[in-house]
Structures are given as C-alpha cells and as structure tokens.
Amino acid sequence: MTSAPDAAGGPRGLDLERLRGHLDRVRPGLLAGPLRGRLIEGGRSNLTYEITDGAARWVVRRPPLGHVLATAHDMRREHRVIEALHGTAVPVPEPLLLCEDESVLGAPFYVMEFVDGIPYRTAGKLAALGPERTRRVVLGLVDTLVELHAVDPREVGLGDFGRPEGFLDRQLRRWAKQLAASRGRDLAGIDELHGALGRAQPRSPAATVVHGDYRLDNVLVGGPEDTVRAVLDWEMSTLGDPLTDLGLLVMYSSDLGLADSPVSTTSAAPGHPAPAELIERYAARSGRDTGAVAWYTAFAWFKLAVILEGIHYRWTLGQTVGEGFDRIGELVPVFIEHGLHTLQEG
C-alpha cells in the first residue's frame with residue numbers, strides 16, 4: 001500500500017530529496033540512483049517505509065506524523081537493540097544508520113536492511129501454506145524466541161537496556177493506569193482479573209531481552225524452509241521477564257471463539273500447533289520452568305483487553321478513522337473472560 005505523495009515526491013513523512021541528501025553525506029556511494037519510496041502497510045505505531053535506488057532496497061523507520069513527545073529515545077532504542085542483536089542467532093535486519101537530526105525528515109529515524117519475507121497476519125493467509133508448512137512456521141517462531149531469550153544482554157551491550165527488578169509489578173501498574181485513562185463504561189470482571197493477577201504474581205526468572213510484542217505478524221518468514229528471516233517492531237523491547245513474551249505468543253495462538261472478528265489469532269489455520277505444544281517446545285529448548293505460564297497468558301489477555309478498550313474509547317469520541325472500530329468494544333469482555341478463565345484453570 002502506498003500513501004499519497006508529498007511535495008517532495010515521496011509518501012507523507014518521507015521527504016526523499018532530503019533523505020537522499022543525508023545519505024549522500026553520511027554514506028557516500030551507497031545510492032546508485034534517484035530514490036523512490038512507499039509506506040509499508042501494517043505498522044501500528046512507528047511508520048515503516050521501503051526505499052529503493054533501483055538497484056537495492058532499504059527500510060526507513062520513523063515516529064508517527066504529528067508525534068509531539070520526545071521521540072529520539074524511541075528511535076535510538078529500536079536501533080540500539082537491532083544493532084546489538086545483529087550477528088547473534090536472532091535474525092534481525094542489519095542497521096545502516098541512525099539519524100537524530102530532525103531537520104531531515106521532521107523526526108529522528110533509522111535506516112536498515114530490507115529483508116525479503118512475509119508477515120502472516122491472519123489465519124487465512126497462514127492456511128494458504130498448508131498444514132505441514134504452517135506447523136513448521138509456528139514452531140520456528142518458538143525456536144526464534146528461545147534464541148532471543150538465550151542472548152546474554154551484557155555480552156551484546158544491553159546490560160543497561162531496562163530495569164528488570166520489579167518488572168511485573170510495573171507492568172501491572174502500567175496497564176491499570178492505561179485502563180483508568182480510557183475508562184468510559186463498566187467492564188465486568190476487569191478489576192477482578194487485575195486483582196487476581198496481582199495476588200498470584202509469579203517470581204520472575206533471570207531477565208533477558210524481551211521483545212514485548214512477539215507474534216507471527218511481527219516477523220518475516222521466507223526461504224525454502226519457511227524460516228524466520230527477521231524479527232521486527234522492537235519498539236516495546238526492554239530487559240525483563242522472558243515468560244511475558246511466551247504468554248503473549250500463547251494468547252495469539254489461542255482460539256478466540258469468534259467468527260469474523262476484527263482482531264484475530266492464527267490458531268484456526270490447519271496444522272497450527274496447539275498452545276500446549278508451543279509451551280512444551282519452549283520449555284524443552286530453553287530449559288526454563290514454564291509452570292506459571294497460565295499467569296503470563298492471563299496477563300496477555302488483560303493487556304490486550306486494556307489496549308482494545310482504549311481503541312473503543314477513542315472510537316466513542318470520534319477519534320478513529322477506518323472500518324471495524326465499531327466492533328472493537330464487543331471484543332473486550334471476551335478478552336477479560338479468557339483472562340479470568342486462564343488464571344482460574346491454571
């Protein structure tokens with residue numbers, strides 16, 4: 001999907017003339033011809049563009065348009081983690097440069113290698129692979145998560161990338177605060193779920209680099225073996241409890257029990273491994289105790305319920321544009337129910 005060109009001949013937020021000038025200054029000889037660019041569809045927060053000089057392709061990441069908060073830290077953080085992980089067993093695009101000079105694109109940005117691959121965003125797209133390939137892709141997603149959590153943060157220069165002490169406490173407080181900021185109606189069970197999570201909070205294992213939004217549509221899959229070729233969207237990464245990544249992956253691999261939902265999981269694709277198999281594979285390959293995974297999965301249901309309620313709240317205020325937002329509100333009780341059930345069943 002391409003956006004409308006701006007005055008500089010590129011999509012909004014990507015002034016190709018200024019970008020070309022900057023790249024010629026800091027990476028002379030990189031470009032072989034004029035730049036063209038397009039906005040890559042699918043980004044939820046930071047904007048992602050593909051650029052090409054006709055001979056090679058790269059990716060540009062920048063904050064959303066009109067972003068008024070201090071954004072240099074966001075771009076620096078994303079760039080820092082992929083720069084640290086590049087060269088490890090974790091597949092990430094090679095970072096080329098970070099630019100914090102806002103005079104170039106109006107905001108800090110970074111440029112990285114273009115990786116050819118497919119983000120499987122829905123069960124329908126995944127199903128097109130067939131059961132055998134679907135199974136291979138999803139199990140590969142687990143294996144890549146194990147590789148990420150095996151990286152010693154200190155060895156790759158990420159020893160100060162976050163504050164792992166009290167990580168789960170802060171997460172619970174953060175999402176409760178988010179809920180309070182978008183609370184425009186009664187939500188049966190949400191306070192019960194938050195309270196139960198607080199009372200049953202497990203003891204975290206040793207901290208690792210945490211992706212923060214690890215799921216199938218945040219990786220690129222490709223090649224003859226359908227391998228994970230790149231893990232993307234590191235904007236929520238930090239040092240923390242690795243099982244939060246596993247819980248989120250399990251949640252996104254579970255059946256919502258809803259037909260034609262605007263928010264979907266990939267579980268309906270034939271051949272998709274059951275959540276229990278994903279947990280077992282992670283435990284066997286990582287050596288970590290996953291006995292408390294129900295808590296982490298319930299927390300993922302809670303977090304997504306809060307996110308969806310925020311979207312619904314903005315829709316009631318007329319602050320969202322597009323299709324499907326009118327149905328988001330009806331999903332929130334479903335996520336709350338799944339969270340309570342997961343925690344109660346253990």
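Me: In which strand does Thr208 sit?
Reply: One caveat up front: this is a predicted model. Within it, residues 208-210 form a strand, and Thr208 belongs to that run. The strand is β6.

Me: Is Thr208 buried or exposed?
Reply: Thr208 has plenty of contacts from elsewhere in the sequence, including His149, Pro153, Thr238 and Arg288. Its relative accessibility is 3%, and the cut-off for burial is under 20%, so Thr208 counts as buried.

Me: Which residues of the run 238-240 does Thr208 touch?
Reply: The run 238-240 is strand β9. Leaving out residues up to four places away in sequence, the contacts of Thr208 include Pro242 as well as the ones you're after. Those are Thr238, Leu239 and Gly240.

Me: Where does Asp241 lie?
Reply: Look at what flanks Asp241: strand β9 covers 238-240, and helix α8 covers 243-252. Asp241 is in the loop between β9 and α8.

Me: What relative accessibility does Asp241 have?
Reply: Asp241 touches Phe167, Leu168, Ser204, Pro205, Val210 and Tyr296, with residues up to four places away in sequence not counted. It counts as buried, because anything under 20% does, and the value for Asp241 is 1%.

Me: How far apart in space are Asp241 and Phe167, C-alpha to C-alpha?
Reply: The two are in contact, though 74 residues separate them in sequence. Going from C-alpha to C-alpha, the distance is 7.0 Å.

Me: Which residue has its backbone nitrogen 2.9 Å from a polar atom of the Asp241 side chain?
Reply: Helix α8 runs over 243-252. The backbone nitrogen in question belongs to the residue at position 243, where that helix begins. That's Leu243.

Me: Are α5 and α8 roughly parallel or antiparallel?
Reply: Helix α5 takes in residues 131-150, and its axis comes within 11 Å of the α8 axis. The two cross at roughly 170°. Angles over 145 degrees fall in one class, so the pair is roughly antiparallel.

Me: Which α8 residues meet α5?
Reply: The α5 side brings Leu141, Val142, Leu145, Leu148 and His149. Across the whole contact the residues split into six nonpolar, one polar and one charged. From α8 come Asp245, Leu246 and Leu249.

Me: How do the residues divide where α6 meets α10?
Reply: Helix α6 (167-181) and helix α10 (293-316) have axes that come within 9 Å and cross at roughly 25°, which means they run roughly parallel. The crossing is left-handed. Among the residues in the contact are Leu168, Trp175 and Gln178 of α6, and Tyr296, Lys303 and Glu309 of α10. The split is twelve nonpolar, two polar and two charged.

Me: Which of those α6 and α10 contact residues also touch Asp241?
Reply: Asp241 has Phe167, Leu168 and Tyr296 among its contacts. The α6 part of the helix contact includes Leu168, and the α10 part includes Tyr296. That gives Leu168 and Tyr296.

Me: Is the crossing of α7 and α11 left-handed or right-handed?
Reply: Helix α7 (190-199) has an axis within 9 Å of the α11 axis, and the angle is roughly 35°. Ile190, Glu192, Leu193, Ala196 and Leu197 of α7 meet Ile336, Gly339, Leu340, Leu343 and Gln344 of α11. Seven of these residues are nonpolar, two polar and one charged. The crossing is left-handed.

Me: Which residue's backbone oxygen lies 2.7 Å from a polar atom of the Thr342 side chain?
Reply: Thr342 is part of helix α11, residues 328-345. At 18% relative accessibility, it counts as buried. Beyond its neighbours within four places in sequence, it contacts Ala294, Thr297, Ala298 and Trp301. The backbone oxygen comes from His338.

Me: Is Asp233 buried or partly exposed?
Reply: Asp233 is in the loop between β8 and β9, with a positive phi of about 55° although it isn't a glycine. Its relative accessible area is 23%, and burial needs under 20%, so Asp233 is partly exposed.

Me: What relative accessible area does Asp226 have?
Reply: Asp226 lies in the loop between β7 (219-222) and β8 (227-231). Its phi is near 55°, a positive value in a residue other than glycine. Asp226 is buried, and its relative accessible area is 5%.

Methods
Residues numbered from 1 in each chain as written. Predicted model: local features only at pLDDT ≥ 70, side-chain atom pairs only at ≥ 80, totals over all residues. Heavy atoms only, no water. Helix = DSSP H or I, 4+ residues; strand = E, 2+ residues; numbered from the N terminus. Buried < 20%, exposed > 50% of the residue type's maximum accessible area, 1.4 Å probe, protein only. Contact = heavy atoms within 4.5 Å. Polar contact = N/O pair within 3.5 Å; in protein donor to acceptor, adjacent residues only side chain to side chain. Axes fitted to C-alpha atoms, helices over the stretch in contact; angles between N-to-C directions. Parallel < 35°, antiparallel > 145°, perpendicular 65-115°, else oblique. Nonpolar A, V, L, I, M, F, W, Y, C, P; charged D, E, K, R; others polar. Left-handed = near helix turned anticlockwise from the far one by under 90°.
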